[in-house]
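Here's a quick tour to read alongside the model. Keep the viewer open and click through the residues as they come up.

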Amino acid sequence: MKRIAILGSTGSIGVSALSVAAAHPDRIEVVGLAAGANATRLAEQVERHRPQVVSTAAGAVLAAVLAALPAPVRAGLEHAASGAEGLLAAATHPAVDLVLFATTGTTALDAVFAAIEAGKTIALANKEILVMAGGLVMAAARRRGVAVLPVDSEHNAIHQCLLGRPAAEVRRLILTASGGPFRSWSTERLAGVRPADALAHPTWRMGRKITVDSATLMNKGLEVVEARWLFDTPADRIDVVVHPQSVVHSLVELCDGSVIAQLGVTDMRLPIQYAFSWPDRWDSGLPPLDLAACGRLEFGSPDLDRFPCLGLAYRALRGGPALPVALNAANEVAVEAFLDGRLAFTAISRVIAGALDDAEESGPPDPMTLADVRAAHARATRYSRRRTGELQSKR
Ligand code: MG
């Protein structure tokens, strides 16, 4: 029996993870659930999965969850908490074997380190954690002998392709990118993209921020940074290939030139279940991949002139340790402004480029501590808010 905690249980990954748990009641026990503000959905999940620990972002949400639960379910809860304390309680509960981080942003940073120290297996769907503090997280996991399993479909594919292979045999990691909805748009047309255009992703159904990130290719940029840390591979050995069908989830090139790929249906339950079942595999009940129905699989190079965000991610990895932190923080600010209608789609990369320049000047210590990471994040956030305001007034 795998005993799991899910942080971010009401988001799209969290909901898929609970459907994996529901499909394997004899193999998975849900011990902890943590969510943000969706009290109704969390209460339904608690009633269905009967965890021992429940946590919400704010105390008022927790009160609403508890009030919505039938008395016997409420009585079965061992611990109910909110805020940072709640996340830590769910991530470190003694009965938990594996913690799935399906949170967004940087909320769960402390909980990741606490879960590692408590010896839990880490399943990571929360990109920002590795982008900001990948070196620190992976060093802590190595020290504690804890596995970090990627749930992001591309990294999950690479994890599968690499399984048991010595690093000396690996020449290149190749991440596939759908290319987003504007793959074939001209720069002029891109300047007029509205939030509604960006939110229509061709293959994956996801949250708003990550859908915009897919449209700018920053999602792939963040994934290059993630891959650098997850697989301890320098950026010059990580490539991106555009593959609109999203059937090949990623590839690994070996030293003899052989390329190993992982293919599958586009359903996040597959990588989530892989993380839950690892090192074993279970029947998923998902429909098999029908290659004949896929027909044609296309591959192309990403256009870094039209989609500069991907190039900025490589630049961030080549620079000092503060640059990936700034990349992520600036992107968060710029995407939020774009979604609010305050920033042009093509100005997202300008805000980020400026934040990288600013981070280069700041010169924090290398390697950075977690406090340095937080300071770099705060600095880039401040810079990007100011820069977003300037670009807005010019519109
Ligand atoms: Mg991905």
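For what follows, a salt bridge is a side-chain nitrogen of Lys or Arg within 4 Å of a carboxyl oxygen of Asp or Glu. Asp 213 and Lys 209 fit that bill, with their side chains meeting at 2.7 Å, N to O. Bear in mind that this is a predicted model. By the salt-bridge rule, the count comes to 20.

**Salt bridges**

- Asp 213 and Lys 209 both sit in helix α11 (residues 208-216), and because they are 4 residues apart there, about one helical turn separates them.
- The two ends of that pair sit in different classes of cover: Asp 213 is buried at 2% relative accessibility, while Lys 209 is partly exposed at 22%.
- Arg 228 pairs with Asp 232, and here the closest N and O atoms are 3.6 Å apart. Asp 232 is exposed, with a relative accessible area of 53%.
- Arg 379 and Asp 358 also bring their side chains together in a salt bridge, at 2.9 Å, N to O. Arg 379 belongs to helix α18 (residues 370-393) and Asp 358 to helix α17 (residues 348-362), so this pair ties together parts that are 21 residues apart in sequence.
- As for cover, Arg 379 is partly exposed with a relative accessible area of 30%, whereas Asp 358 is buried at 15%.
- There's a network too: salt bridges with shared partners link Lys 127, Asp 152, Glu 154, Lys 220 and Glu 223.

**The magnesium site**

- Which residues hold the magnesium ion? The protein donors are Asp 152 (OD), Glu 154 (OE) and Glu 223 (OE), lying 2.1 to 2.2 Å from the ion.
- Along the chain, these donors follow the spacing D-x1-E-x68-E. Glu 154 is in helix α8 (residues 153-162) and Glu 223 in helix α12, so the pair ties together parts that are 69 residues apart in sequence.
- Are the two glutamates buried or exposed? Glu 154 is buried, with a relative accessible area of 8%, and Glu 223 is buried at 1%.

**Val 225 in helix α12**

- Val 225 lies in helix α12 (residues 218-230) and is buried, with a relative accessible area of 0%.
- Leaving out residues up to four places away in sequence, Val 225 touches Val 131, Ala 313, Leu 317, Pro 324 and Leu 327.
- One of those partners, Leu 317, is 92 residues from Val 225 along the chain, yet their C-alpha atoms are separated by 6.8 Å.

**Ser 250 in strand β10**

- Ser 250 is found in strand β10 (residues 248-254), and its relative accessible area of 0% makes it buried.
- A polar atom of the Ser 250 side chain lies 3.3 Å from the backbone nitrogen of Thr 176.
- Setting aside neighbours within four places in sequence, the contacts of Ser 250 include Glu 154, Ala 157, Ile 158 and Cys 161, along with Ile 174, Leu 175 and Thr 176. Ile 260, Ala 261 and Gln 262 are in contact with Ser 250 as well.
- Glu 154 thus turns up twice: as a contact of Ser 250 and as a donor to the magnesium ion.

**A nonpolar patch on the surface**

- Leu 263, Leu 289 and Leu 291 make a nonpolar surface patch of about 230 Å².
- Where is Leu 289 placed? Its place is in the loop between α13 (269-277) and α14 (291-294).
- Leu 289 counts as partly exposed, at 30% relative accessibility.

Technical notes: Residues are numbered from 1 along each chain as its sequence is written. This is a predicted model: local features need pLDDT of at least 70, side-chain atom pairs count only at pLDDT 80 or more; totals for chains, interfaces and linings use all residues. Side-chain values use heavy atoms; hydrogens and water are left out. Patches are made of residues with over 30% relative accessible area and no salt bridge: like charges are joined within 9 Å, nonpolar side chains (Val, Leu, Ile, Met, Phe, Trp, Tyr) within 5 Å. Accessible areas come from the Shrake-Rupley method with a 1.4 Å probe; for residues, only the protein chains shown count as cover. Helices (H or I, at least four residues) and strands (E, at least two) are DSSP runs, numbered from the N terminus. Buried means under 20% relative accessible area, exposed over 50%, partly exposed in between (1.4 Å probe, protein chains only). Contact means heavy atoms within 4.5 Å. A polar contact is a pair of N or O atoms within 3.5 Å; within protein, one must be able to donate a hydrogen and the other to accept it, and residues adjacent in sequence count only if both atoms are side-chain atoms. Donors are N, O and S atoms within 2.8 Å of the metal (3.2 Å for Na, K and Ca); water is not among the atoms, so sites may look incomplete.
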